[in-house]
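Grab a pencil and work through these exercises one at a time. Try each task yourself before you read its solution.

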Amino acid sequence: MAATSLTAPPSFSGLRRISPKLDAAAVSSHQSFFHRVNSSTRLVSSSSSSHRSPRGVVAMAGSGKNGTKDSIAKLISDLNSATLEADVDVVVSPPFVYIDQVKSSLTDRIDISGQNSWVGKGGAFTGEISVEQLKDLGCKWVILGHSERRHVIGEKDEFIGKKAAYALSEGLGVIACIGEKLEEREAGKTFDVCFAQLKAFADAVPSWDNIVVAYEPVWAIGTGKVASPQQAQEVHVAVRGWLKKNVSEEVASKTRIIYGGSVNGGNSAELAKEEDIDGFLVGGASLKGPEFATIVNSVTSKKVAA
Ligand SMILES: O=C[C@H](O)COP(=O)(O)O
């Protein structure tokens, strides 16, 4: 897509990643069977670099629209029989109503994530899903701040930060999504938007040990307009620089930053070669088990190339 170029990223002295996070786990895809409420499932994946371990996380999320018990059973079967690179965390994030089905039949090699969670302890909040309920179903992760939660549902940065703090306090890992809209990129505000979203997380959480940052430019989500490796790398470097300046050098070096937005089996390897792309949050491409496995295994191409 014709995105305007970003302003120069802040100085960042070549930190490398050291440790992981996942999105926790597996594969994600919008259109795949698990992710969004109305559409499909979501998978996220990422890998850890030579400095971060595991290398990354690949997550898959699918929205409800494309998910049925039968289609999910097929996807689970494909994932259970897939050969997945050992050094990649893999996480799947089904719609809430299918989590129990997934947990009962998916290999333990792959973790499970919620697509959202309530901001505090469970109670009388009709329609919401509590962190306690996600844990009860066996989830180890939750995706927070996805662009659809921000821009369709209307969740604000501060609210999302509080959600992250609560989920972490209860032991869930958090896949913390950030990303700019097209008009924000074209106005040269990409870094400002991403940094503001990061700050809301940083202001709320006591530790980044169990957080994976997912950079998902809104203009690339579900559009087929994937960011170029250079565009994604530029923002990932800037995010790592922000963490170094505002949190700590250790957090900057260890936190896994995964990319999401029209990732598929044909473009993931090139994206993964970038030093600061530690994995992926996959939507549509996670609806196909074999393609999702290809994405998972592409994450380690960096290690080979390095
Ligand atoms: O949840 C997944 C991300 O939003 C990316 O979705 P996509 O791979 O369909 O663009």
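## Warm-up: how far to trust the model

The chain has a mean pLDDT of 83, and 77% of its residues reach 70 or more; pLDDT is the predictor's confidence in each residue, from 0 to 100. This is a predicted model, in which local features need pLDDT of at least 70 and side-chain atom pairs count only at pLDDT 80 or more, while totals for chains, interfaces and linings use all residues. Residues are numbered from 1 along each chain as its sequence is written, and side-chain values use heavy atoms, leaving out hydrogens and water.

## Exercise 1: find the shaky parts

**Task.** Find where pLDDT stays under 50.

**Solution.** Step one: look at residues 1–41, where pLDDT stays under 50. The model has 302 contacts beyond four places in sequence for this stretch, a contact being heavy atoms within 4.5 Å. Step two: go on to residues 46–50, where pLDDT also stays under 50 and the model has 38 such contacts. Step three: remember that where pLDDT is low, the predicted coordinates should not be read in detail.

## Exercise 2: get the overall picture

**Task.** Describe the chain by its helices and strands, its buried share and its contacts.

**Solution.** Start with the elements: there are 12 helices and 9 strands. These are DSSP runs, numbered from the N terminus (helices are H or I, at least four residues; strands are E, at least two). Next, of the 306 residues, 57% are buried. Buried means under 20% relative accessible area, exposed means over 50%, and partly exposed is in between (1.4 Å probe, protein chains only). Finally, take the contacts between residues at least 6 apart in sequence: 75% of them join residues at least 24 apart.

## Exercise 3: explore the core

**Task.** Which residues of the largest nonpolar core touch the most other members?

**Solution.** First, pin down the term: a nonpolar core is a set of buried Ala, Val, Leu, Ile, Met, Phe, Trp, Tyr and Cys residues joined through side-chain atoms within 4.5 Å. The largest one here has 64 residues, and the winners are Val174, Trp208, Tyr259 and Phe280. Helix α8 (residues 229–246) gives this core its largest share, 6 residues. There's also a second, separate core of 9 residues, including Trp141 and Ile258. As a general rule, nonpolar side chains tend to be buried together in soluble globular proteins.

Now visit α8 itself. Val235 sits in this helix, and Val235 is buried, with a relative accessible area of 1%. Its C-alpha is 9.8 Å from that of Ile277, which is 42 residues away along the chain. Gly241 is in α8 too and is buried at 8%.

## Exercise 4: look at strand β6

**Task.** Are the two faces of β6 buried or exposed, and which strands join β6?

**Solution.** Begin with the count: 6 of the 6 residues in β6 (residues 173–178) are buried. Then check each face. Gly173, Ile175 and Cys177 are buried on one side, and Val174, Ala176 and Ile178 are buried on the other.

Now for the partners; two strands pair if DSSP finds at least two bridges between them. Strand β5 (residues 141–144) runs parallel to β6, with 4 bridges, and Ile143 stands opposite Ile175. Ile143 is buried at 1% relative accessibility, and its C-alpha is 6.0 Å from that of Val174, 31 residues apart along the chain. Strand β7 (residues 211–215) also runs parallel to β6, joined by 5 bridges, and here Ala176 stands opposite Val213.

## Exercise 5: check the cysteines

**Task.** Why is Cys139 not bonded to Cys177?

**Solution.** Recall the cut-off first: a disulfide is a pair of cysteine sulfur atoms within 2.5 Å. The closest cysteine sulfur to that of Cys139 is in Cys177, 15 Å away, so it's too far for a bond. Cys177 is in no disulfide either, as the nearest cysteine sulfur, that of Cys194, is 11 Å away. A search of the whole structure finds 0 disulfides. Both cysteines are buried: Cys139 at 5% relative accessibility and Cys177 at 1%.

## Exercise 6: spot the unusual angle

**Task.** What is the phi of Ser262 near?

**Solution.** Most residues other than glycine have a negative phi. Ser262 has a positive value, near 60 degrees, and isn't a glycine. To place Ser262, look in the loop between β8 (257–260) and α10 (268–272). Ser262 counts as buried, at 17% relative accessibility.
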